[in-house]
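Hi,

Here is the structure I said I would pass on. Have a look through it first, and then read my notes below.

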Amino acid sequence: MLDAADQTQNVDAGPANQASADNVGLSPELSGPARRILCVFPRYEPSLGSLEYAYDITGTLRAFMPPQGLLVIAAALPEGWEARFVDENIARAKRSDFKWADAVFVSGMHVQRRQIDDIRRRAQKYGKPAALGGPSVSACPEFYPDFDYLHIGEMGDATRELFARLSRDCARPEKQIRFETRERTPLEEFPIPAYELVSFENYFIGSIQFSSGCPYRCEFCDIPGLYGRVPRLKSPQRIVAELDKLRECGLTTSVYFVDDNLIANRRALRELLPVLIEWQEKNSFPLSFAFEATLNIARYDDLLSQLRLACFTTIFVGVETPEEDALVSLDKEQNMTLPILEAVRRLNAHGMEVVAGIIVGLDTDGPQTQQRIIDFIEASQIPMLTINLLQALPKTPLWDRLEKEGRLCNDEGRESNVVFLRSYDETVATWRNCLRHAYDPARLFARYHHLTQHTFPNRRPRPRPPGQVTPKNVRRGFTMLFKICWKLGVIANYRRIFWDYAWPRIKTGRIEDVISVGILAKHLITYARKACAGKLNASNYSAKVR
C-alpha cells in the first residue's frame, strides 16, 4: 500500500494479528468499529532476480524478500484493527482470508499489474472493498479503474483519510474513491514494518529502508518523479531498532537495503555506517547486508572501507551499458567518474559481489553493441547480470521524449513499448544473444569461481552468525545440497561443468559456496534458456501476453 519499496503461503496460519501498539500514531482516533485488513502482495512473473526456477531445491524458501510497503501499512493500522498478510509469491490468498477480512489492501509495481487486478477481482467477488496503493497506481492511477479505493502517493494524509473512511463504512462504494497524499509522513515517523506477520523461513533475505529519493535524473528511471530528488532519511538509531526487530522475528541471513540509491546522501551514509559496524560487533555479526547504489560509489575509499567493516557483501549497480556515448544520452554520467571495469574491481577488492543491470535497445545501440556487452561480461567477471530490453515507464523523461517522437507502442505482441531505432528483430536478437552468452553454464560457473577466489576472501573475517548452526538448519542445508547434486550433478546436461566447480569445494568443506552458487546457477541457466526460446518476456515490464 505504501508507495515505497515493494520489491519478491499465507504466513498468518494462526489467529489474525493485531496491529502493534508500539507502531500506532499515524491515524487519528477513530470512533468506528475495529476493522480486519487483509494485506495481499501480488506474485511476480519469473525474472532473472526472482529465483523462481530454484524453488524445487530450496525447501521452504519461496520468495526473495518481504515487501516493505504493505508491512509498513499493516503496522500503521489504527489501534485495535487487525492485519493479516499474504504474499502470493509464497501461496495464494485463500477463500477464508477474503471472508475473514473487512477490506483488502494491495500494493505493487507495474510488473505486477495483472496480478494486482486479479487480487482486486477476488476481493470483490466476496463483496470486500479493495484498496490499492504503491508505485504503480501512484504513477498511473488510470491503470486501475475497477478498484474501490486508490491511495496515490506516499504515506501521509491520504492514508489517514483512507483509514477514516473504512472506519465509518466498510461497504464497497458506489464508485471509485481516490485519496491523494498532499502531506507526506516523514520517513523517520513511519512505523517499524510488521515483520512479525511474515515467516522468514519463506524468504531468502529480509528488507529494510534507510532513505527515499535519488538526486540523479537517469532518463529511463521513474524514482525521482515518484519520490523526489532530495533524499529523505531515517536516523541510524531507527535503523538499528528495525534490525533488532528483524532478528527478533527470526531473520538469520541477510538484509537488503531497498533504497534506490544508498549513497543518495553520502553524509547521511557516513553517519549510519559506524553505527552499523558497532551493531554488528556488539551482536557477533548476525547479518550480512546488500544494497543498491550508483557506480560512482567506487570513488569513495572511506565509504568502501566502512561498508566492508559493516559486512555489506552485495551491491546492485545499474551499469546499463559499457558504451560511453550511451551513458551520456541516458543522463548517466555518474557511471563515468571512473572507468566501469575499475569501479567493479574496487568494489570486488572490498569484498562486494557486484550484480549489474544491463539494458538493450538504447537509441545509441549499433552493430557493435552486442559484442561490447559480451566483452564487458568477460572482462568484469560479474556472475549475475539482469539483461533486459528497454521499456519506457510513465513519469520518466524517456516516456516524455518518446511520446513526443511518436515512438511509444502499445502492441501486446511486442517485447517492449519502445519503437527502437534499430529494427525490432535485430534488437531482440541482440538481447537473446547477450543472455545466451552470459548464462552459458561453463561461462557462468567460471565467473562464480572467479568470485569465490577473488572477491569472497576480501570480506571482513567474522564468526559464524549466532543461531545459524542448529539441527534444523543443518538438515535443511544437507537436503538442499543433496537436491543440488542430484538436479545439477546428475540430471542437468551441464553436470560435468557443475562437478568441476562443486567437487573441490565439497572436498574442502566449502558447502555453503556449493549451495548458494548451485541455487543461483540453476535459476539463471533455466531462466536464460526459457527466455532465449521465446517462453519468457524480454523485459520485466513487458506487456506481452504468453
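**The sheet, starting in the middle**

Strand E11 (residues 254–257) and strand E12 run parallel and are joined by four bridges. To find one of these pairings on your screen, go to Tyr256: its bridge partner in E12 is Ala290. Keep in mind as you look around that this is a predicted model.

Now stay on Ala290 and look across to the next strand. Its bridge partner in E13 is Thr314. E12 and E13 also run parallel, and four bridges join them. As general background, strands of a sheet pair through backbone hydrogen bonds, either parallel or antiparallel.

One more step takes you from E13 to strand E14 (residues 353–360), again a parallel pair, with five bridges. Here you can look for Glu320, which stands opposite Ile358 in E14.

Put together, these strands belong to an open sheet of six, in the order E8-E11-E12-E13-E14-E15, with parallel pairing. Which strands stand at the edges? They are E8 (206–208) and E15 (385–389); each has a single partner strand, so one side of each is left without a neighbour in the sheet. From one strand to the next, the twist averages 20°.

**Buried or exposed?**

How many of the five residues of E12 (residues 288–292) are buried? Five of the five are, so the strand is largely enclosed by the rest of the structure. In a regular strand, side chains alternate between the two faces of the sheet. For E12, both faces are covered: Ser288, Ala290 and Glu292 are buried on one side, and Phe289 and Phe291 are buried on the other. Its neighbour E13 (residues 312–320) is mostly covered, with seven of its nine residues buried.

**A pair of helices**

Away from the strands, try helix H12 (residues 369–380) and helix H14 (residues 424–438). They pack at an angle of about 20°, and their axes are 10 Å apart. That angle makes H12 roughly parallel to H14. Their crossing is right-handed.

Which residues make the contact? From H12 there are Gln370, Ile373, Ile374, Ile377 and Glu378, and from H14 there are Ala429, Thr430, Asn433, Cys434, His437 and Ala438. Sorted by type, the residues of this contact come out as six nonpolar, four polar and one charged.

Have fun exploring!

Terms used:
Residues are numbered from 1 along each chain as its sequence is written. This is a predicted model: local features need pLDDT of at least 70, side-chain atom pairs count only at pLDDT 80 or more; totals for chains, interfaces and linings use all residues. Side-chain values use heavy atoms; hydrogens and water are left out. Axes are lines fitted to C-alpha atoms, for helices over the stretch in contact, and angles run from 0 to 180 degrees between N-to-C directions. Helices (H or I, at least four residues) and strands (E, at least two) are DSSP runs, numbered from the N terminus. Angles under 35 degrees count as roughly parallel, over 145 as roughly antiparallel, 65 to 115 as roughly perpendicular and the rest as oblique. A crossing is left-handed if the near helix is turned anticlockwise from the far one by less than a right angle, and right-handed if clockwise. Contact means heavy atoms within 4.5 Å. Ala, Val, Leu, Ile, Met, Phe, Trp, Tyr, Cys and Pro count as nonpolar, Asp, Glu, Lys and Arg as charged, and the others, Gly among them, as polar. Buried means under 20% relative accessible area, exposed over 50%, partly exposed in between (1.4 Å probe, protein chains only). Two strands pair if DSSP finds at least two bridges between them.
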